[in-house]
Amino acid sequence: MDAKDALNETAFWLERELADSFKVQAFRRAAGVIADLSAEELAERVRDGRLKRTKGIGNRTFEVISQAVGGKVPDYLENLRQRGAEPLATGGRALAAEIRGDLHSHSNWSDGGSPIEAMAAAARTLGREYLALTDHSPNLTIANGLSAERLTKQIDIVEDLNQDSPDFRLLTGIEVDILESGELDQVPELLRRLDVVVASVHSKLRSDKHTMTKRMLRAVEDPHTNVLGHCTGRLVRGSRGTRPPSEFDAKKVFESCAEHGVAVEINSRPERQDPPDELIMIAVDSGCLFSIDSDAHAPGQLDFLQYGAERAEANGIPAERIVTTWPLERLEQWLRSKQ
């Protein structure tokens, strides 16, 4: 198989398993090192040992490249494929099969690890009909949030990419910070240009219940907001440790979501599992729509939707109330209805 494809696929399966980022990036970096080499030149460098001495090529990546150049599927990749054949989640398979797209993902324009093109290609490979690119907004400087100028450039790039993909749609979007005032962290003129606006709280998560409720209500009532992202901000596992859910009046916030046509996100990242089950039930009873999203920061993480489908099914959310099960035309009608 093609050596670059073998490296990138290896990275995909490792991302899906939540492997350490340094391990994943070793394969992505090696793919970049050999990207411009012809098959003949690559084979020659493998034979004479030059590739093994090349910066960015380690023992494992060299093994994968040399076996691919030799005409076989690398052993390391084959082992990952076998592990990947098992579903990530034990439940929710019927619902997962109905999911058509994903409204929350990140590229290397903010804190993701891969280019826009790689994220879109992985979504297509997974059978998605659409993917929203929702990099962070300026206030989240630690995540390299997008200024108005950078977001404008990204919109143009997405429009160009869509010209070459008639069977797949990359939606323009943003994960916009809900500021302490409840305002959205981007200029309204740009928000109106986007297909999807996911509004999330990323700061002052320990604010008192009254303050947080007021803040979230203002964001939900903003006419640009389509999805309320990872609403409690909790972390239940992972390298960043754990974090308790923020406190807010869930009934008031979710009733406002239902009134203003804002979908409540079922965030599929295994370290988030947000909202908690008890809040999902309040949102169901409040008549909310839902969006099962991956919040992927790498191509392999786009498959995390399985986790979200498992939780949605366990909590009895009907598929017709999950906007990411809708065909693109219906989804776009819903998104435009907010504008």
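**Exercise 1.** Find the salt-bridge partner of Arg50 and decide where the two residues rank on the buried-to-exposed scale.

*Solution.* Start with the pairing: Arg50 forms a salt bridge (a side-chain nitrogen of Lys or Arg within 4 Å of a carboxyl oxygen of Asp or Glu) with Asp48, and their closest N and O atoms are 2.8 Å apart. Next, check accessibility, where buried means under 20% relative accessible area, exposed over 50%, and partly exposed in between (1.4 Å probe, protein chains only). Arg50 has 36% and is partly exposed; Asp48, with 33%, is partly exposed too.

A word on the source: this is a predicted model, in which local features need pLDDT of at least 70, side-chain atom pairs count only at pLDDT 80 or more, and totals for chains, interfaces and linings use all residues. Residues are numbered from 1 along each chain as its sequence is written, and side-chain values use heavy atoms, leaving out hydrogens and water.

**Exercise 2.** Which residue pairs with Glu41, and in which helix do both lie?

*Solution.* First, the partner is Arg45, with the closest N and O atoms 2.7 Å apart. Second, both sit in helix H3 (residues 39-48), four residues apart, about one turn of the helix. Helices (H or I, at least four residues) and strands (E, at least two) are DSSP runs, numbered from the N terminus. Third, Glu41 is partly exposed at 32%, and Arg45 is partly exposed at 22%.

**Exercise 3.** Is Asp295, the salt-bridge partner of Arg272, buried or exposed?

*Solution.* The closest N and O atoms of Asp295 and Arg272 are 3.7 Å apart. Asp295 is buried, at 3%, and Arg272 is buried at 6%.
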